[in-house]
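Student: I'm new to this structure. Could you take me through it and show me how each label is earned?

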Amino acid sequence: MDAKHDNQTQSKYAYTLKVNEKRNVYNFGVVILEPITSRKPVGEFGDGMDIVQCIRKMMDSNKEGVLEVLDPGLPSVPLHKVMHVFYVAMLCVEEQAVERPTMREVVLILT
């Protein structure tokens, strides 16, 4: 193999890692949304919507809708902590992958 081929392969590999990382961040956001909303990721929203689309729709119509989205069965957890985790999850599921944090950033935000 020549150096040009190696560079192209390395570039594709780096791009693939970046895309996969952002996809993993999105999936992490979905996993976090499930327990704090007590909703399944798909299947209960109709119109082919998933948990992320449903929450976005609720939030668009009512910015205070976050309280309606959260599971009321989380009374032992302080609301400000649940809200913090919710907003981190929403960062993770940003529509544009470049807008999502890295997992390292997510860990820093959550700690």
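Tutor: Sure, let's begin in the core. The largest nonpolar core has 17 residues, and Leu33, Ile36, Ile55, Leu70 and Phe86 have the most contacts inside it.

Student: What makes it a nonpolar core?

Tutor: The term covers a set of buried Ala, Val, Leu, Ile, Met, Phe, Trp, Tyr and Cys residues joined through side-chain atoms within 4.5 Å. Buried means under 20% relative accessible area, exposed means over 50%, and partly exposed is in between, using a 1.4 Å probe and protein chains only. In soluble globular proteins, nonpolar side chains tend to be buried together.

Student: Which elements give two or more residues to the largest core?

Tutor: They are α1 (3-37), α2, α3 (66-69) and α4. Of these, α4 gives the most to this core, with 5 residues. One core residue, Leu70, is in contact with Ile36, Thr37, Leu79, Val82, Met83 and Phe86, leaving aside neighbours within four places in sequence. Contact here means heavy atoms within 4.5 Å.

Student: Where does all this come from, and how are residues numbered?

Tutor: This is a predicted model, in which local features need pLDDT of at least 70 and side-chain atom pairs count only at pLDDT 80 or more, while totals for chains, interfaces and linings use all residues. Residues are numbered from 1 along each chain as its sequence is written, and side-chain values use heavy atoms, with hydrogens and water left out.

Student: How many helices and strands are there?

Tutor: The protein has 5 helices and 0 strands, so its elements run α-α-α-α-α from the N terminus on, given that helices (H or I, at least four residues) and strands (E, at least two) are DSSP runs numbered from the N terminus. Of its 111 residues, 29% count as buried.

Student: How do you know whether Cys54 and Cys92 are buried or exposed?

Tutor: Set the values against the 20% cut-off. Cys54 has 11% relative accessibility, so Cys54 counts as buried. Cys92 is at 0%, so Cys92 is buried too.

Student: How many disulfides are there?

Tutor: A disulfide is a pair of cysteine sulfur atoms within 2.5 Å. By that rule the count is 0.

Student: What makes the pair Glu95 and Arg56 a salt bridge?

Tutor: The rule asks for a side-chain nitrogen of Lys or Arg within 4 Å of a carboxyl oxygen of Asp or Glu. Here the N to O distance is 4.0 Å, so the pair qualifies. Glu95 lies in the loop between α4 (79-92) and α5 (103-110) and Arg56 in helix α2 (residues 51-61), so the pair ties together parts that are 39 residues apart in sequence. The protein's count is 1 salt bridge. As for Glu95, its relative accessible area is 59%, so Glu95 is exposed.

Student: Why does Arg100 have no salt bridge?

Tutor: Arg100 is buried, and the nearest side chain of opposite charge, Glu94, is 7.3 Å away. The cut-off is 4 Å, so that pair doesn't count. On charges, Lys and Arg count as positive and Asp and Glu as negative, with His and the chain ends not counted.

Student: What polar atoms does Arg100 meet, then?

Tutor: A polar atom of the Arg100 side chain lies 3.4 Å from the backbone oxygen of Glu95. A polar contact is a pair of N or O atoms within 3.5 Å; within protein, one must be able to donate a hydrogen and the other to accept it, and residues adjacent in sequence count only if both atoms are side-chain atoms. The side chain of Lys22 reaches the backbone oxygen of Arg100 at 2.4 Å. Lys22 lies in helix α1 and, with a relative accessible area of 10%, is buried.

Student: How about Asp71: why does it lack a salt bridge?

Tutor: Asp71 is buried, and Arg39, the nearest side chain of opposite charge, is 8.8 Å away, so the 4 Å rule isn't met. The Asp71 side chain does make a polar contact with the side chain of Ser38 (2.4 Å) and reaches the backbone nitrogen of Gly73 at 2.7 Å.

Student: Why is Ser38 called partly exposed?

Tutor: Its relative accessible area is 47%, between the 20% and 50% cut-offs, so Ser38 is partly exposed. Ser38 also has a phi near 55 degrees, a positive value in a residue other than glycine. Most residues other than glycine have a negative phi.
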